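The following exercises examine a single protein chain. Each task is followed by a solution in steps.

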Amino acid sequence: QVQLVESGGGLVQAGGSLRLSCAASGSIFSINYMGWYRQAPGKQRELVAAITSDGSTNYADSVKGRFTISRDNAKNTVYLQMNSLKPGDTAVYYCNHLIRLRVGVPFDNYWGQGTQVTVSS
C-alpha cells in the first residue's frame, strides 16, 4: 500500500520558479534512491534529477545550475526546486522512489501520479 503523492505543479512565466514535492507513505523499511523524471508530449520520459541515500546528486545537463533536488528522510519526501524556468521545461513531472518494504526483499521502483508544469513565454 505504498503511495507517492506529488504537489507543487502549475503555470508559471518564463524566468519564474516552482517547487515540487513528493511524499511516500505506507509500510516502508528504507528508501535508497529518489528521483524526478519528466515527459513532454510526444517525447520519452527522461531523468531530470536524482539523489541517493548518501546525498549524492545527479542532474540532466539541460537543468544543471537551475534545478536543485533535496530530500527529507524523516518525512520520506523529495523536493525539486526549479528556478529560471524555460518553456522547454514544460512537461508532466513524475517522482520515483526506490523502496525496500522489509528486510530480505529487493528494492522496487514506485512512481507518483505526475504533476503538470507549464512555463509560458
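A residue is called buried at under 20% relative accessible area, exposed at over 50%, and partly exposed in between, with a 1.4 Å probe and protein chains only. Helices (H or I, at least four residues) and strands (E, at least two) are DSSP runs, numbered from the N terminus. The model is predicted: local features need pLDDT of at least 70 and side-chain atom pairs count only at pLDDT 80 or more, while totals for chains, interfaces and linings use all residues. Residues are numbered from 1 along each chain as its sequence is written, and side-chain values use heavy atoms, with hydrogens and water left out.

**Exercise 1. Describe strand S8 and its partners.**

Step 1. Begin with the cover of the strand. Strand S8 spans residues 77-82, and five of its six residues are buried.

Step 2. Identify the pairing, which requires that DSSP find at least two bridges between two strands. Strands of a sheet pair through backbone hydrogen bonds, either parallel or antiparallel. Strand S3 (residues 18-25) runs antiparallel to S8 and is joined to it by six bridges. Six bridges also connect S8 with strand S7 (residues 67-72), again in the antiparallel sense.

Step 3. Locate a residue with partners in both neighbours. Threonine 77 of S8 stands opposite alanine 23, and threonine 77 is also the bridge partner of aspartate 72.

Step 4. Place S8 in its sheet. The sheet is open, and its four strands follow the order S1-S3-S8-S7 with antiparallel pairing. Strand S1 (3-7) and S7 are the edge strands, each pairing on one side only. Neighbouring strands are turned by 15° against each other on average, direction ignored; here axes are lines fitted to C-alpha atoms, for helices over the stretch in contact, and angles run from 0 to 180 degrees between N-to-C directions.

**Exercise 2. Which residues with a positive phi lie in the loops on either side of S8?**

Step 1. Consider the loop between S7 and S8, where asparagine 76 is found. The two strands form a hairpin with four residues between them, and asparagine 76 in the turn has a positive phi of about 50°. This residue is not a glycine. Its relative accessibility is 24%, so asparagine 76 counts as partly exposed.

Step 2. Turn to the loop between S8 and S9, which holds serine 84. Serine 84 likewise is not a glycine and has a positive phi of about 50°. With a relative accessible area of 41%, serine 84 is partly exposed.

**Exercise 3. Which residues touch the most other members of the largest nonpolar core?**

Step 1. Apply the definition: a nonpolar core is a set of buried Ala, Val, Leu, Ile, Met, Phe, Trp, Tyr and Cys residues joined through side-chain atoms within 4.5 Å.

Step 2. Name the residues. The largest core has 30 residues, and Trp36, Leu80, Met82 and Tyr93 touch the most other members.

Step 3. Trace the contributing elements. Those that give two or more residues to this core include S3, S8, strand S4 (30-39) and strand S9 (91-100).

**Exercise 4. Characterise the disulfide.**

Step 1. Count. A disulfide is a pair of cysteine sulfur atoms within 2.5 Å, and by this rule there is one disulfide.

Step 2. Name the pair. Cysteine 22 is joined to cysteine 95, with an S to S distance of 1.9 Å. The partners are 73 residues apart, cysteine 22 in strand S3 and cysteine 95 in strand S9.

Step 3. Determine the handedness. The torsion about the S-S bond is about 45°, and therefore the disulfide is right-handed.

Step 4. Check the accessibility. Cysteine 22 is buried because its relative accessibility is 0%, and cysteine 95 is buried with a relative accessible area of 0%.

**Exercise 5. Which residues are joined into one network of salt bridges?**

Step 1. State the criterion: a side-chain nitrogen of Lys or Arg lies within 4 Å of a carboxyl oxygen of Asp or Glu. The structure holds four salt bridges.

Step 2. Examine aspartate 89. Arginine 38 forms a salt bridge with aspartate 89, their closest N and O atoms being 3.0 Å apart. Arginine 38 lies in strand S4 and aspartate 89 in the loop between S8 and S9, so the pair ties together parts that are 51 residues apart in sequence. Arginine 66 also meets aspartate 89 in a salt bridge (2.8 Å, N to O), and both of these residues are buried.

Step 3. Assemble the network. Through shared partners, salt bridges join Arg38, Glu46, Arg66 and Asp89.
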